[in-house]
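Q: Got a minute to go through this one with me? I'd like to start with pockets and then look at the backbone.

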Amino acid sequence: MGSAAMDVNGNFAADKKFVVVFVLGGPGSGKGTQCANIVQYFGFTHLSAGDLLRAEIKSGSENGTMIQNMIKEGKIVPSEVTIKLLQQAMLESGNDKFLIDGFPRNEENRAAFEHVTKIEPEFVLFFDCSEEEMERRLLSRNQGRVDDNIETIRKRFRVFVESSIPVIEHYEAKEKVSKIDAGKSVDEVFEDVKAIFSPYSAQAA
């Protein structure tokens, strides 16, 4: 499980070990709520790939402009770009325990992350939720969000299944997937989460 980590110059430093947990789940599976709980109870830092990309675009940097143009043209942002932002955020946080949310989105992301960072995740936390339940939650929760009509939700769900399931299968083969029934209530789901994270509680901030 020893994962090499980087020093400030982006070189690998053997003396610092990062604990990385990938958090995967479809739209409306309740990942955000549970990530906030894990941060509070177990001292992890929550990094959202999407938030980091949005922040980079907002910063107006050259990199941000490139990302924005790619998104505008409907292109996928290269794995390396997202991974660099994640690495930077990990180094700047000063923490050594991370929840990485919404990444890897597909097998190519996963392979690139391990190749670039030389970090293999401790495990993948997979919020397993039926399409019907996610649909119900998104429709009741997000009246204000234009992209949350039935068709869009179903499309997002299909994209999630097609791209993320291979990632989950890869880690399942290594016995590194903790699957949670995300159809239950928030409190019940957190009880399951707590059981999975209990080995990390001793070091909790």
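**Pocket and backbone**

A: Sure. In this predicted model, H7 gives the largest share of the lining of the largest pocket, 7 residues.

Q: Which other elements give two or more residues to that lining?

A: Besides H7 (150-173), they are strands E3 (19-25) and E4 (45-48), plus helices H1 (31-42), H2 (49-59), H4 (79-93) and H6 (131-141).

Q: What's the volume of the largest pocket?

A: About 1400 Å³. The lining counts 42 residues, and Lys31, Gly50, Arg54, Gly102 and Arg105 lie nearest the centre.

Q: And how does the lining divide into nonpolar, polar and charged?

A: There are 13 nonpolar, 18 polar and 11 charged residues.

Q: OK, backbone now. Which residues does the cis peptide bond join?

A: Phe103 and Pro104, with omega at about 0°. Pro104 sits in the loop between E5 (97-101) and H5 (107-117).

Q: What about phi, which residue other than glycine has a positive value near 60°?

A: That's Lys118, in the loop between H5 and E6 (123-128).

Q: How exposed is Lys118?

A: Partly exposed, at 46% relative accessible area.

Q: And Glu175, what's the phi there?

A: About 55°, so positive again, although Glu175 is not a glycine. Glu175 is in the loop between H7 and E7 (177-181).

Q: Buried or exposed, that Glu175?

A: Exposed: the relative accessibility is 74%, and the cut-off for exposed is over 50%.

Q: Why flag these backbone spots at all?

A: Because most residues other than glycine have a negative phi, and most peptide bonds are trans.

Technical notes: Residues numbered from 1 in each chain as written. Predicted model: local features only at pLDDT ≥ 70, side-chain atom pairs only at ≥ 80, totals over all residues. Heavy atoms only, no water. 1 Å grid on protein atoms, 1.4 Å probe; cavity = no way out; pocket = protein on both sides within 12 Å on 5 of 7 lines; lining within 4 Å. Points joined across faces, edges and corners; volume = space filled by probe spheres on them. Helix = DSSP H or I, 4+ residues; strand = E, 2+ residues; numbered from the N terminus. Nonpolar A, V, L, I, M, F, W, Y, C, P; charged D, E, K, R; others polar. Buried < 20%, exposed > 50% of the residue type's maximum accessible area, 1.4 Å probe, protein only.
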